[in-house]
Every structure is written in C-alpha cells, then in structure tokens.
Amino acid sequence: MTQPTTHIDIEKFPRVELCHRPTPLEPMPRLTKYLGGPRLFVKRDDCTGLAIGGNKTRKLEFLLGDAIEQNADTVITVGGVQSNHARQTAAAAAKLGLKCHLVLPRVVDWQSDDYESSGNVLLDRLFDAHVHVVDDTEKAREKVTELVAAADGSAYFIPSGGSTAIGSLGYVGAALEIAKQTEAMDLQVDHIVLATSTGGTQAGLLTGFAGSDAHPAVHGIAVYGDAETAMDEVQRLVVESADLLNTNVESASDRVVVLDGYLGKGYGWPTADMIEAVSLTARLEGLLLDPVYTGKAMAGLIDMVRKEKFKESENIVFLMTGGTPALFPYREALIRD
Ligand SMILES: *Cc1c(COP(=O)(O)O)cnc(C)c1O
C-alpha cells in the first residue's frame, strides 16, 4: 500500500544560494554490466558546484541562511583534519564574506606527510579560513568554546557534518529533487545507497521522501562508527526535521536502515573493499569516489549486488556525496606498485 503524501514546504526557511541544481542523475552502464545485477545509477552530488562539490553544500544553504538571519559574521565548525564539511563551509563563508574558523581534531589514525597539508586542508587555507588542528575531540570542544566567547555574540556554530534539523533540510530538498527528476525520466527508484556518518543526509532524504510520491528504500552504509549509533542519530534527526517542518513522518522514522560491515578498522582507515570500489568506479565509469565515505559506501553497494540483496529488475541509485579532494592525501593507500 502506498503511503499518503504529506505536504512538505522548505521554501519558508532562510536560505542562501550555493548549489547548482538539479545535480545530474546518470546511469552507470559499465559498472552495471560488470557486476551483472540490477541497473545502477548515480546521483551526482559531487556536482553541487561549490569548491569541488559535495553533500554539505545543500546543508550549508540552510545553515548559513540561518546564520545570516541571526546577524552572525563568523562561522565556526568542526571536523576531521581532511573534513569535506570544513572545506565546503570555508568556501561558502568566503563566498558570503563571513569569517570562518575550522577546528580540526586528529581523529583519524592515518599518518602521512600529505594528510595534514594536501587535499581539503590545502583548500581550507586557500579559502583563508582560520585552521586550528588539535589533538583530540576534548581539545576541539575547548577551542570551540574559546572561539565562540571571543566572537562576542556574533558567531554561528555548526556541529560536525552540519547535521542539525536545519542542515537536514538540504536533503529534504534533494529527495524532492530526485522524486521530480525520476518522474520526468519515467524511472522508478527502488533503492538508494549512501555513506552515513553524522546522519543528516540520510535523515533529510527519508523525511523528504515521506513527503513525496517516491518511496525508495534508503540504505546508509556506516563509515564513522557502528551502525546502531548512526541509526539513532538518523532517527533523532528525522524526528527533529519533521518537527521543524511541522509534518508527520512516522513512516520515515521506521524506515531508517544503516549497515555495518564496510568501515574496517575505523573512520578514515582504508580497506581493501574501498580500494576495489574506488578503482572499479574510476576504470568503468570515469567517476572519482573518495577513500573515507563514498568508496566505502560503494563497497557496500557492490557487496549487496554480489550477495543478490536486490532483484535483477530493480533500479538502484548511488548517492555520490563528494569527497574527491581526499583522494590526494590517501595517495599511498590507493596506488601501490
Ligand atoms: C559528510 C559526508 C558524508 C556523510 O554525510 P552525513 O550527513 O554526515 O551522514 C558522506 N559523504 C561525504 C563525501 C561526506 O563528506
């Protein structure tokens, strides 16, 4: 039975324009043929347009809209040293003329010369953000408190990954965009697969689909910690976004699925499956995944196809959430002689 459609209106929230939209939705014919399973598509949210793209751009449209509404002139956020969220925040702040502080704890147990200077960190510096690399999350908290106090009421703090109810509105919008796009293509999407870390992307999608005529199953692949913790976060954000939108999405909160099995030793730690997924997608589709998020999510998708978790007749969309700049600091893991 199809769910009754709930009306969802995101237009009433303050927003800044940062994102190229709609992002393309493209078939992946060579990867589909190679795996010999269901039809695979990719939603190109690496093409959101701002500073090499990625999923945080959609969230930042609403987060920074809110910041400006509150008369903030400084944005403060946190993330791993190679955080894509930090890089997109720095770029958006530069574009909007806001001051930006990035507090980056060394949470990834991956040491290389490139890790603290190349990729996203290089870009953070080009965008003229104040970069504060600290030893651990406790030190990060202290630094944030100090920076917020120093800004004397003019700072807007964005938590890790931009995953608040307001940030999730970006992916409520993305779900509505996918529903419209697939209707125009006459394509029924049965499953969406994506990397889940702080949960705002998956929560936004589930909330948005609850308010559309499309109801694909959404599979998050845990890339930060265990699936249970991620699932709790997604569930919390679904409830909070629904509250913010003043809508009832009980069905969405029941549909939260996050899968374990593709994280390896931990967040940001390379795995053999990730390396296979990154190379296959590059060789067969000319598409650049990343080592921390989309590479592991694609490893999950490939494994599910191989284990015949999908029907041959189904259509699967991989949400390409970005992360490309992180390929460079992981050079030594990706290319071995
Ligand atoms: C942040 C990020 C994600 C995860 O999104 P969440 O909303 O934190 O779950 C996935 N892919 C990339 C490339 C990211 O930077």
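## Helix packing and a ligand site: exercises

Helices α10 and α11 are roughly perpendicular to each other. The model is predicted. Work through each task with the structure in view.

### Exercise 1

Find the angle and the axis distance for α10 and α11, then justify the term "roughly perpendicular".

**Solution.**
- Step 1. Two packed helices are described by the angle between their axes and by the distance between those axes.
- Step 2. Locate the pair: α10 covers residues 272–285, and α11 covers residues 294–306.
- Step 3. Read off the geometry. The packing angle is about 90 degrees, and the axes are 8 Å apart.
- Step 4. Apply the cut-off: 65 to 115 degrees counts as roughly perpendicular. Therefore α10 and α11 fall in that class.
- Step 5. List the contact. α10 supplies D273, M274, E276, A277, V278, L280 and T281. α11 supplies G295, K296, M298, A299, I302 and R306.
- Step 6. Sort the α10–α11 contact by class: seven nonpolar, two polar and four charged residues.

### Exercise 2

Describe how α7 and α8 are oriented, and name the residues that make their contact.

**Solution.**
- Step 1. α7 spans residues 200–210, and α8 spans residues 227–245.
- Step 2. Their axes come within 8 Å and cross at roughly 50 degrees.
- Step 3. An angle between 35 and 65 degrees is classed as oblique, so α7 and α8 are oblique to each other.
- Step 4. Add the hand: α7 passes α8 in a right-handed crossing.
- Step 5. From α7, the contact uses G200, Q202, A203, L206 and T207. From α8, it uses V234, L237, V238, S241, A242 and L245.
- Step 6. This α7–α8 contact has seven nonpolar, four polar and no charged residues.

### Exercise 3

Do the same for α2 and α3: give the orientation, the hand and the contact.

**Solution.**
- Step 1. Find α2 at residues 56–69 and α3 at residues 84–96.
- Step 2. The two axes come within 10 Å, crossing at roughly 50 degrees. That makes α2 oblique to α3.
- Step 3. The crossing of α2 past α3 is right-handed.
- Step 4. K56, T57, L60, L64 and I68 of α2 meet H85, Q88, T89, A92 and L96 of α3.
- Step 5. Class by class, the α2–α3 contact has five nonpolar, four polar and one charged residues.

### Exercise 4

Which residues come nearest the ligand, and how far from a ligand oxygen is a polar side-chain atom of K56?

**Solution.**
- Step 1. Around the ligand there are 16 residues. Of these, K56, K59, T198, T201 and T321 come nearest.
- Step 2. Check K56: a polar side-chain atom lies 2.9 Å from an oxygen atom of the ligand. K56 also takes part in the α2–α3 contact.
- Step 3. Check T201. An N or O atom in its side chain is 2.7 Å from a ligand oxygen.
- Step 4. Check N55, where the corresponding distance to a ligand oxygen is 3.1 Å.

### Exercise 5

Where is the cis peptide bond, and what is the phi of A51?

**Solution.**
- Step 1. Recall the rule: most residues other than glycine have a negative phi, and most peptide bonds are trans.
- Step 2. The cis bond joins R21 and P22, with omega about 0 degrees. P22 sits in the segment before β1 (25–27).
- Step 3. A51 is not a glycine, yet its phi is positive, about 50 degrees. A51 belongs to the loop between β2 (39–44) and α2.

How values were computed
Residues are numbered from 1 along each chain as its sequence is written. This is a predicted model: local features need pLDDT of at least 70, side-chain atom pairs count only at pLDDT 80 or more; totals for chains, interfaces and linings use all residues. Side-chain values use heavy atoms; hydrogens and water are left out. Axes are lines fitted to C-alpha atoms, for helices over the stretch in contact, and angles run from 0 to 180 degrees between N-to-C directions. Helices (H or I, at least four residues) and strands (E, at least two) are DSSP runs, numbered from the N terminus. Angles under 35 degrees count as roughly parallel, over 145 as roughly antiparallel, 65 to 115 as roughly perpendicular and the rest as oblique. A crossing is left-handed if the near helix is turned anticlockwise from the far one by less than a right angle, and right-handed if clockwise. Contact means heavy atoms within 4.5 Å. Ala, Val, Leu, Ile, Met, Phe, Trp, Tyr, Cys and Pro count as nonpolar, Asp, Glu, Lys and Arg as charged, and the others, Gly among them, as polar. A residue is near a molecule or strand if one of its heavy atoms lies within 4 Å of it. A polar contact is a pair of N or O atoms within 3.5 Å; within protein, one must be able to donate a hydrogen and the other to accept it, and residues adjacent in sequence count only if both atoms are side-chain atoms.
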